[in-house]
Amino acid sequence: MAKINENYLKLQAGYLFPEIGRRVSEFIDANPDKKVIKMGIGDVTQPLVPSVVKAFHEGVDEMAKGETFKGYGPEQGYAFLREAIAKHSYQEKGIDISADEIFVSDGSKCDTGNIQEIFGNDNKIAICDPVYPVYADTTVMSGKTGTCQANGHYEGIIYMPCTKENGFIPELPTETPDLIFLCYPNNPTGTVASKEELKKWVDYAIEKNAIILYDAAYEAFITEDGIPRSIYEIEGAKKVAIEFRSFSKTAGFTGTRCAITVIPNELVAYDSEGQAHQVKKLWNRRQSTKFNGVSYPVQKAAAAIFTEEGKKEVEEVIAYYLENAKIMRESLAEIGYEVYGGVNAPYVWVKTKNNMTSWDFFDKVLNEANLVGTPGSGFGPAGEGYFRFSAFADRENVLEAMERVKNLS
Ligand code: PLP
(Lines give C-alpha, C1' and ligand atoms only; values in the text may rest on other atoms or scores of the structure.)
Protein backbone atom coordinates (compact mmCIF):
# COMPACT_ATOMS: atom_id res chain seq x y z
CA MET A 1 0.00 0.00 0.00
CA ALA A 2 1.42 3.37 -1.01
CA LYS A 3 1.88 5.74 1.90
CA ILE A 4 1.89 9.49 1.62
CA ASN A 5 4.27 11.90 3.29
CA GLU A 6 1.99 12.83 6.15
CA ASN A 7 3.75 16.13 6.66
CA TYR A 8 1.72 17.35 3.68
CA LEU A 9 -1.45 16.79 5.69
CA LYS A 10 -0.25 19.32 8.24
CA LEU A 11 -0.22 22.08 5.63
CA GLN A 12 -3.03 24.57 5.74
CA ALA A 13 -4.85 24.83 2.42
CA GLY A 14 -3.37 27.47 0.10
CA TYR A 15 -5.90 29.95 1.36
CA LEU A 16 -4.70 33.44 0.57
CA PHE A 17 -4.66 33.84 -3.21
CA PRO A 18 -7.62 31.53 -3.93
CA GLU A 19 -9.67 33.47 -1.38
CA ILE A 20 -8.64 36.78 -2.96
CA GLY A 21 -9.61 35.36 -6.37
CA ARG A 22 -12.98 34.21 -5.05
CA ARG A 23 -13.86 37.60 -3.54
CA VAL A 24 -12.69 39.48 -6.66
CA SER A 25 -14.73 37.22 -9.01
CA GLU A 26 -17.78 37.65 -6.82
CA PHE A 27 -17.35 41.44 -6.94
CA ILE A 28 -16.86 41.49 -10.72
CA ASP A 29 -19.94 39.30 -11.26
CA ALA A 30 -22.03 41.66 -9.16
CA ASN A 31 -20.48 44.82 -10.70
CA PRO A 32 -19.71 44.03 -14.35
CA ASP A 33 -19.38 47.74 -15.24
CA LYS A 34 -16.62 48.45 -12.68
CA LYS A 35 -12.96 48.40 -13.70
CA VAL A 36 -11.05 46.50 -11.03
CA ILE A 37 -7.34 47.37 -10.68
CA LYS A 38 -5.19 44.55 -9.35
CA MET A 39 -2.24 45.40 -7.11
CA GLY A 40 -2.28 42.18 -5.19
CA ILE A 41 -0.04 39.47 -6.57
CA GLY A 42 3.68 40.25 -6.64
CA ASP A 43 4.21 39.47 -10.32
CA VAL A 44 5.98 41.86 -12.66
CA THR A 45 4.13 43.63 -15.47
CA GLN A 46 6.86 45.17 -17.65
CA PRO A 47 8.37 43.10 -20.50
CA LEU A 48 11.94 41.80 -20.71
CA VAL A 49 14.36 44.60 -21.62
CA PRO A 50 15.79 44.77 -25.19
CA SER A 51 19.31 43.51 -24.27
CA VAL A 52 17.82 40.48 -22.57
CA VAL A 53 15.49 39.76 -25.48
CA LYS A 54 18.39 40.04 -27.97
CA ALA A 55 20.57 37.63 -25.97
CA PHE A 56 17.62 35.26 -25.53
CA HIS A 57 17.10 35.20 -29.34
CA GLU A 58 20.81 34.63 -29.91
CA GLY A 59 20.71 31.72 -27.49
CA VAL A 60 17.82 30.15 -29.39
CA ASP A 61 19.62 30.68 -32.71
CA GLU A 62 22.69 28.91 -31.34
CA MET A 63 20.50 25.97 -30.33
CA ALA A 64 19.20 25.83 -33.91
CA LYS A 65 22.62 25.17 -35.49
CA GLY A 66 24.64 21.98 -35.32
CA GLU A 67 27.92 23.80 -34.59
CA THR A 68 26.57 25.72 -31.61
CA PHE A 69 23.83 23.40 -30.34
CA LYS A 70 24.03 22.51 -26.65
CA GLY A 71 22.60 19.55 -24.80
CA TYR A 72 22.77 19.19 -21.03
CA GLY A 73 24.69 22.03 -19.44
CA PRO A 74 26.49 22.03 -16.11
CA GLU A 75 24.01 21.51 -13.25
CA GLN A 76 25.59 24.44 -11.41
CA GLY A 77 25.10 26.81 -14.36
CA TYR A 78 27.32 27.89 -17.24
CA ALA A 79 30.66 29.42 -16.27
CA PHE A 80 29.92 32.57 -18.29
CA LEU A 81 26.91 33.36 -16.10
CA ARG A 82 28.45 32.34 -12.78
CA GLU A 83 31.51 34.43 -13.56
CA ALA A 84 29.45 37.45 -14.61
CA ILE A 85 27.44 37.25 -11.37
CA ALA A 86 30.55 36.84 -9.21
CA LYS A 87 32.19 39.82 -10.91
CA HIS A 88 29.31 42.28 -11.22
CA SER A 89 27.09 41.39 -8.27
CA TYR A 90 29.84 40.78 -5.76
CA GLN A 91 33.52 41.40 -6.58
CA GLU A 92 32.98 44.85 -8.14
CA LYS A 93 31.23 45.80 -4.91
CA GLY A 94 34.15 44.63 -2.80
CA ILE A 95 32.55 41.31 -1.81
CA ASP A 96 34.76 38.28 -2.10
CA ILE A 97 32.47 35.69 -3.72
CA SER A 98 33.82 33.51 -6.52
CA ALA A 99 32.03 31.78 -9.40
CA ASP A 100 32.48 28.35 -7.81
CA GLU A 101 30.36 29.46 -4.83
CA ILE A 102 27.41 30.33 -7.10
CA PHE A 103 24.73 27.86 -8.18
CA VAL A 104 22.37 28.89 -10.98
CA SER A 105 18.81 27.59 -10.70
CA ASP A 106 15.33 28.10 -12.10
CA GLY A 107 14.05 30.06 -9.11
CA SER A 108 14.54 31.22 -5.56
CA LYS A 109 11.21 29.67 -4.64
CA CYS A 110 12.63 26.23 -5.39
CA ASP A 111 16.00 26.97 -3.81
CA THR A 112 14.67 28.41 -0.54
CA GLY A 113 12.44 25.34 -0.29
CA ASN A 114 14.87 22.69 -1.52
CA ILE A 115 17.72 23.85 0.70
CA GLN A 116 15.90 22.32 3.67
CA GLU A 117 16.66 18.89 2.31
CA ILE A 118 20.38 19.06 3.08
CA PHE A 119 19.75 19.94 6.73
CA GLY A 120 18.58 17.34 9.26
CA ASN A 121 15.09 17.36 10.67
CA ASP A 122 16.39 18.00 14.17
CA ASN A 123 17.23 21.58 13.17
CA LYS A 124 15.17 24.34 14.78
CA ILE A 125 14.03 26.85 12.19
CA ALA A 126 13.38 30.53 12.88
CA ILE A 127 11.06 32.40 10.51
CA CYS A 128 9.79 35.97 10.48
CA ASP A 129 6.08 36.68 10.86
CA PRO A 130 4.79 37.97 8.46
CA VAL A 131 6.89 36.74 5.53
CA TYR A 132 6.91 34.99 2.15
CA PRO A 133 4.97 31.79 3.00
CA VAL A 134 7.33 29.37 1.23
CA TYR A 135 9.78 29.15 4.16
CA ALA A 136 7.20 27.87 6.64
CA ASP A 137 5.41 25.58 4.19
CA THR A 138 8.62 23.89 3.03
CA THR A 139 9.74 23.53 6.64
CA VAL A 140 6.50 21.64 7.27
CA MET A 141 6.91 19.50 4.13
CA SER A 142 10.42 18.53 5.17
CA GLY A 143 9.11 17.13 8.45
CA LYS A 144 10.64 19.60 10.87
CA THR A 145 7.36 20.68 12.52
CA GLY A 146 4.27 19.54 14.34
CA THR A 147 0.78 20.56 13.33
CA CYS A 148 -0.69 23.97 12.67
CA GLN A 149 -2.07 25.70 15.76
CA ALA A 150 -5.15 27.88 16.06
CA ASN A 151 -3.14 31.08 15.54
CA GLY A 152 -1.75 29.81 12.22
CA HIS A 153 1.70 29.00 13.60
CA TYR A 154 3.19 25.53 13.15
CA GLU A 155 4.41 23.77 16.25
CA GLY A 156 8.20 23.58 16.32
CA ILE A 157 8.95 26.69 14.25
CA ILE A 158 10.39 29.69 16.09
CA TYR A 159 8.32 32.64 14.86
CA MET A 160 9.82 36.10 15.02
CA PRO A 161 7.18 38.86 14.88
CA CYS A 162 8.01 41.83 12.64
CA THR A 163 5.79 44.78 13.41
CA LYS A 164 6.06 48.54 13.41
CA GLU A 165 7.10 48.34 17.07
CA ASN A 166 10.39 46.65 16.15
CA GLY A 167 10.78 48.41 12.80
CA PHE A 168 9.92 45.11 11.03
CA ILE A 169 13.31 43.65 12.07
CA PRO A 170 12.96 40.65 14.37
CA GLU A 171 14.48 40.55 17.81
CA LEU A 172 16.93 37.75 18.57
CA PRO A 173 14.81 34.77 19.64
CA THR A 174 14.85 33.44 23.19
CA GLU A 175 14.89 29.85 21.95
CA THR A 176 18.08 29.14 19.95
CA PRO A 177 17.52 28.32 16.26
CA ASP A 178 19.85 26.35 13.97
CA LEU A 179 18.58 27.80 10.69
CA ILE A 180 17.30 31.37 10.41
CA PHE A 181 15.33 32.64 7.41
CA LEU A 182 15.76 36.37 6.81
CA CYS A 183 14.38 38.25 3.81
CA TYR A 184 15.43 41.84 3.04
CA PRO A 185 14.12 43.87 1.30
CA ASN A 186 11.17 42.12 2.79
CA ASN A 187 8.12 40.58 1.23
CA PRO A 188 5.51 41.66 2.33
CA THR A 189 6.54 44.65 4.48
CA GLY A 190 8.83 46.25 1.88
CA THR A 191 11.24 47.20 4.66
CA VAL A 192 15.02 46.81 4.68
CA ALA A 193 17.65 45.91 7.27
CA SER A 194 20.57 48.23 8.03
CA LYS A 195 24.17 47.06 8.31
CA GLU A 196 23.98 47.21 12.11
CA GLU A 197 20.81 45.11 12.15
CA LEU A 198 22.27 42.48 9.87
CA LYS A 199 25.50 42.47 11.87
CA LYS A 200 23.49 41.64 14.97
CA TRP A 201 22.19 38.56 13.15
CA VAL A 202 25.53 37.51 11.71
CA ASP A 203 27.20 37.81 15.13
CA TYR A 204 24.36 35.81 16.67
CA ALA A 205 24.65 33.07 14.04
CA ILE A 206 28.41 32.86 14.61
CA GLU A 207 27.87 32.60 18.37
CA LYS A 208 25.21 29.89 18.02
CA ASN A 209 26.78 27.96 15.11
CA ALA A 210 23.57 28.65 13.21
CA ILE A 211 23.10 29.30 9.49
CA ILE A 212 21.25 32.30 8.05
CA LEU A 213 19.21 31.61 4.90
CA TYR A 214 19.19 35.10 3.42
CA ASP A 215 16.61 35.76 0.72
CA ALA A 216 17.71 38.82 -1.25
CA ALA A 217 15.20 38.40 -4.09
CA TYR A 218 14.50 42.16 -4.03
CA GLU A 219 18.07 43.45 -3.56
CA ALA A 220 17.96 45.28 -6.91
CA PHE A 221 15.35 47.64 -5.46
CA ILE A 222 17.73 49.00 -2.83
CA THR A 223 18.50 52.55 -3.88
CA GLU A 224 19.37 54.26 -0.61
CA ASP A 225 23.04 54.44 0.32
CA GLY A 226 24.26 52.36 3.21
CA ILE A 227 21.61 49.61 3.04
CA PRO A 228 23.32 46.28 2.39
CA ARG A 229 22.33 44.50 -0.80
CA SER A 230 24.08 41.34 0.26
CA ILE A 231 24.49 39.63 3.62
CA TYR A 232 28.15 39.19 2.67
CA GLU A 233 28.66 42.92 3.15
CA ILE A 234 28.70 42.02 6.84
CA GLU A 235 31.97 40.79 8.24
CA GLY A 236 31.95 37.10 9.08
CA ALA A 237 28.79 36.37 7.04
CA LYS A 238 30.57 33.97 4.69
CA LYS A 239 30.98 31.61 7.65
CA VAL A 240 27.28 31.58 8.46
CA ALA A 241 25.08 32.59 5.52
CA ILE A 242 23.60 31.27 2.31
CA GLU A 243 22.26 33.97 -0.01
CA PHE A 244 19.43 33.59 -2.52
CA ARG A 245 19.01 36.01 -5.42
CA SER A 246 16.62 35.95 -8.32
CA PHE A 247 16.36 37.44 -11.80
CA SER A 248 12.56 37.39 -11.37
CA LYS A 249 11.99 40.81 -9.88
CA THR A 250 15.42 42.17 -10.84
CA ALA A 251 14.88 41.71 -14.56
CA GLY A 252 11.31 40.54 -15.15
CA PHE A 253 12.19 36.83 -15.23
CA THR A 254 9.12 35.55 -13.34
CA GLY A 255 8.04 33.71 -16.49
CA THR A 256 11.55 33.11 -17.84
CA ARG A 257 13.00 31.57 -14.65
CA CYS A 258 16.52 32.09 -13.41
CA ALA A 259 17.98 32.58 -9.94
CA ILE A 260 21.11 31.88 -7.93
CA THR A 261 22.09 30.46 -4.59
CA VAL A 262 25.43 31.44 -3.09
CA ILE A 263 27.10 29.02 -0.68
CA PRO A 264 30.53 30.20 0.46
CA ASN A 265 33.33 27.64 0.64
CA GLU A 266 33.85 28.18 4.36
CA LEU A 267 30.22 27.52 5.35
CA VAL A 268 29.90 24.29 7.33
CA ALA A 269 27.22 22.31 9.14
CA TYR A 270 27.74 19.43 11.54
CA ASP A 271 26.91 15.72 11.65
CA SER A 272 25.71 13.93 14.79
CA GLU A 273 29.32 13.31 15.84
CA GLY A 274 30.14 16.99 15.63
CA GLN A 275 32.16 16.62 12.44
CA ALA A 276 31.98 19.68 10.15
CA HIS A 277 30.87 19.29 6.51
CA GLN A 278 31.08 21.82 3.70
CA VAL A 279 27.47 22.84 2.96
CA LYS A 280 28.36 23.74 -0.64
CA LYS A 281 29.44 20.15 -1.25
CA LEU A 282 26.08 18.81 -0.05
CA TRP A 283 24.12 21.29 -2.16
CA ASN A 284 26.25 20.44 -5.18
CA ARG A 285 25.46 16.75 -4.59
CA ARG A 286 21.75 17.55 -4.27
CA GLN A 287 21.65 19.70 -7.38
CA SER A 288 23.66 17.34 -9.57
CA THR A 289 21.39 14.47 -8.54
CA LYS A 290 18.00 16.18 -8.80
CA PHE A 291 18.47 19.14 -11.13
CA ASN A 292 19.65 19.34 -14.72
CA GLY A 293 20.34 23.03 -15.03
CA VAL A 294 18.65 26.08 -16.51
CA SER A 295 18.23 26.21 -20.29
CA TYR A 296 21.08 27.76 -22.26
CA PRO A 297 19.06 30.60 -23.87
CA VAL A 298 17.73 31.62 -20.44
CA GLN A 299 21.22 31.75 -18.97
CA LYS A 300 22.39 33.79 -21.96
CA ALA A 301 19.46 36.14 -21.45
CA ALA A 302 20.27 36.43 -17.73
CA ALA A 303 23.92 37.27 -18.42
CA ALA A 304 22.78 40.18 -20.61
CA ILE A 305 21.74 42.18 -17.55
CA PHE A 306 25.43 42.54 -16.70
CA THR A 307 26.31 44.26 -19.98
CA GLU A 308 26.49 48.05 -19.87
CA GLU A 309 23.31 48.44 -21.92
CA GLY A 310 21.44 45.67 -20.09
CA LYS A 311 22.28 47.09 -16.69
CA LYS A 312 20.97 50.51 -17.70
CA GLU A 313 17.75 49.07 -19.13
CA VAL A 314 17.05 46.94 -16.08
CA GLU A 315 17.69 49.90 -13.76
CA GLU A 316 15.13 51.92 -15.71
CA VAL A 317 12.45 49.29 -15.15
CA ILE A 318 13.27 49.13 -11.45
CA ALA A 319 13.10 52.93 -11.24
CA TYR A 320 9.68 52.75 -12.90
CA TYR A 321 8.37 50.34 -10.27
CA LEU A 322 9.93 52.38 -7.47
CA GLU A 323 8.25 55.53 -8.80
CA ASN A 324 4.97 53.60 -8.65
CA ALA A 325 5.74 52.74 -5.04
CA LYS A 326 6.47 56.40 -4.27
CA ILE A 327 3.16 57.51 -5.78
CA MET A 328 1.37 54.88 -3.74
CA ARG A 329 3.15 55.75 -0.50
CA GLU A 330 2.49 59.44 -0.87
CA SER A 331 -1.17 59.06 -1.85
CA LEU A 332 -1.90 56.72 1.05
CA ALA A 333 -0.03 58.89 3.55
CA GLU A 334 -1.90 61.95 2.30
CA ILE A 335 -5.20 60.44 3.36
CA GLY A 336 -3.84 59.57 6.78
CA TYR A 337 -2.64 55.98 6.46
CA GLU A 338 0.52 54.80 8.20
CA VAL A 339 2.67 53.56 5.36
CA TYR A 340 5.85 51.46 5.48
CA GLY A 341 8.26 50.07 2.87
CA GLY A 342 8.12 51.05 -0.78
CA VAL A 343 11.40 53.01 -0.73
CA ASN A 344 13.90 50.20 -1.35
CA ALA A 345 11.29 47.60 -2.28
CA PRO A 346 8.34 47.15 -4.62
CA TYR A 347 5.87 46.62 -1.78
CA VAL A 348 4.00 49.20 0.25
CA TRP A 349 2.79 47.99 3.64
CA VAL A 350 -0.15 49.89 5.04
CA LYS A 351 -1.58 49.85 8.56
CA THR A 352 -5.37 49.78 8.48
CA LYS A 353 -7.23 52.45 10.41
CA ASN A 354 -9.28 51.89 13.57
CA ASN A 355 -7.91 48.37 14.05
CA MET A 356 -9.75 47.09 11.03
CA THR A 357 -8.74 43.52 10.14
CA SER A 358 -6.75 42.90 6.98
CA TRP A 359 -9.67 41.10 5.32
CA ASP A 360 -12.18 43.80 6.26
CA PHE A 361 -9.84 46.35 4.72
CA PHE A 362 -9.54 44.14 1.62
CA ASP A 363 -13.32 44.24 1.21
CA LYS A 364 -13.45 47.98 1.84
CA VAL A 365 -10.77 48.73 -0.77
CA LEU A 366 -12.42 46.39 -3.25
CA ASN A 367 -15.91 47.79 -2.74
CA GLU A 368 -15.10 51.48 -2.39
CA ALA A 369 -12.10 51.88 -4.73
CA ASN A 370 -12.36 48.68 -6.84
CA LEU A 371 -8.74 47.87 -6.01
CA VAL A 372 -7.20 44.54 -5.14
CA GLY A 373 -4.35 44.32 -2.64
CA THR A 374 -3.20 41.53 -0.34
CA PRO A 375 -4.38 41.15 3.27
CA GLY A 376 -1.36 41.26 5.57
CA SER A 377 -2.72 38.44 7.74
CA GLY A 378 -2.22 36.09 4.78
CA PHE A 379 1.55 36.33 5.38
CA GLY A 380 1.32 35.38 9.04
CA PRO A 381 -0.67 36.33 12.15
CA ALA A 382 1.58 39.34 12.91
CA GLY A 383 0.50 40.76 9.54
CA GLU A 384 -3.06 41.19 10.88
CA GLY A 385 -4.19 44.78 10.60
CA TYR A 386 -1.85 45.44 7.66
CA PHE A 387 -2.31 45.40 3.90
CA ARG A 388 0.19 44.99 1.03
CA PHE A 389 0.05 46.96 -2.19
CA SER A 390 2.36 45.81 -4.99
CA ALA A 391 4.09 48.42 -7.16
CA PHE A 392 4.45 45.93 -10.02
CA ALA A 393 1.78 47.67 -12.06
CA ASP A 394 1.35 49.96 -15.06
CA ARG A 395 1.75 53.65 -14.18
CA GLU A 396 -1.64 54.49 -15.62
CA ASN A 397 -3.28 51.98 -13.30
CA VAL A 398 -1.32 53.22 -10.30
CA LEU A 399 -2.39 56.81 -10.92
CA GLU A 400 -6.00 55.83 -11.39
CA ALA A 401 -5.88 53.58 -8.32
CA MET A 402 -4.48 56.35 -6.16
CA GLU A 403 -7.10 58.82 -7.39
CA ARG A 404 -9.70 56.33 -6.22
CA VAL A 405 -7.91 55.80 -2.92
CA LYS A 406 -8.31 59.50 -2.12
CA ASN A 407 -12.05 58.93 -1.89
CA LEU A 408 -11.73 56.07 0.60
CA SER A 409 -13.75 56.86 3.71
N1 PLP B 1 11.66 35.11 -2.51
C2 PLP B 1 10.75 36.05 -2.22
C3 PLP B 1 10.87 36.81 -0.95
C4 PLP B 1 9.69 36.29 -3.09
O5 PLP B 1 8.77 37.22 -2.78
C6 PLP B 1 9.59 35.55 -4.28
C7 PLP B 1 8.49 35.75 -5.22
O8 PLP B 1 7.53 36.42 -5.03
C9 PLP B 1 10.55 34.59 -4.54
C10 PLP B 1 11.58 34.38 -3.63
C11 PLP B 1 10.44 33.73 -5.75
O12 PLP B 1 11.44 33.94 -6.64
P13 PLP B 1 11.56 33.10 -7.98
O14 PLP B 1 10.64 33.72 -8.98
O15 PLP B 1 13.02 33.25 -8.33
O16 PLP B 1 11.20 31.68 -7.69
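A residue is called buried here if 20 or more other C-beta atoms lie within 10 Å of its own, exposed if 12 or fewer, and partly exposed in between, with C-beta atoms placed from the backbone. Keep that rule handy for the views below. This is a predicted model, where local features need pLDDT of at least 70 and side-chain atom pairs count only at pLDDT 80 or more, while totals for chains, interfaces and linings use all residues. Residues are numbered from 1 along each chain as its sequence is written.

**View 1. Leu-213 sits in strand E6 (residues 211–215).**
Strands (E, at least two residues) and helices (H or I, at least four) are DSSP runs, numbered from the N terminus. Leu-213 counts as buried because 24 other C-beta atoms lie within 10 Å. Who does Leu-213 touch, leaving aside neighbours within four places in sequence? The list is Thr-112, Ile-115, Leu-179, Ile-180, Phe-181 and Ile-242. Contact here says that the C-beta atoms of two residues, placed from the backbone, lie within 7 Å. For a sense of scale, Leu-213 and Lys-311 are 98 residues apart in sequence, and their C-alpha atoms are 27 Å apart in space.

**View 2. Seven strands make an open sheet.**
Read across the sheet and you get the order E2-E8-E7-E6-E5-E3-E4, with mixed pairing. At the edges are E2 and strand E4 (158–161), each pairing on one side only. From one strand to the next, the twist averages 20°; axes for this are lines fitted to C-alpha atoms (for helices, over the stretch in contact), and angles run from 0 to 180 degrees between N-to-C directions. Two strands pair if DSSP finds at least two bridges between them. In general, strands of a sheet pair through backbone hydrogen bonds, either parallel or antiparallel. E2 and E8 run antiparallel and are joined by four bridges, and here you can spot Val-104 opposite Ile-260 in E8.

**View 3. Strand E5 is mostly covered.**
How many of the five residues of E5 are buried? Five of the five are. Leu-179, Phe-181 and Cys-183 point one way, Ile-180 and Leu-182 point the other way, and all are buried. That fits a general habit: in a regular strand the side chains alternate between the two faces of the sheet. E5 runs parallel to strand E3 (residues 125–129), with two bridges joining them, and Ala-126 stands opposite Ile-180. E5 also runs parallel to E6, this time with five bridges. Look at Ile-180 again: its bridge partner in E6 is Ile-212.

**View 4. Helix H4 (residues 79–90) has twelve residues.**
From first C-alpha to last, H4 reaches 15 Å, close to the 16 Å expected at 1.5 Å a residue. That expected span is 1.5 Å times one less than the number of residues. Which residues of H4 are buried? They are Leu-81, Arg-82, Ala-84, Ile-85, Ala-86, Ser-89 and Tyr-90. Their cover includes strand E2 (102–105), strand E8 (259–262) and helix H10 (296–303).

**View 5. Gly-42 and Asn-187 belong to an annotated binding site.**
The unreviewed UniProt entry puts "binding site" on Tyr-15, Gly-42, Lys-109, Tyr-132, Asn-187, Asn-292 and Arg-388. These residues are spread over 374 residues of sequence and also spread in space, up to 35.8 Å between C-alpha atoms. UniProt positions use the numbering used here, feature names are shortened, and annotations may be inferred rather than shown by experiment. Gly-42 lies in the loop between strand E1 (37–38) and helix H3 (50–63), and is buried, with 20 other C-beta atoms within 10 Å. Not counting residues up to four places away in sequence, Gly-42 touches Asn-187, Ser-390 and Phe-392. Asn-187 is in the loop between strand E5 (179–183) and helix H7 (195–208). Asn-187 counts as buried because it has 25 C-beta neighbours inside 10 Å. With the same sequence neighbours left out, Asn-187 touches Gly-42, Tyr-132, Tyr-218 and Tyr-347.

**View 6. Domain 1 (7–47 + 309–405) meets domain 2 (52–306).**
These bounds come from an automatic or database domain assignment. Taken over C-alpha atoms, the two domain centres are 25 Å apart. The contact takes 35 residues from domain 1 and 43 residues from domain 2. On the domain 1 side, helix H1 (7–10), helix H11 (308–334), strand E11 (338–341) and strand E12 (347–351) give two or more residues each. H11 provides the largest share of that side, six residues.
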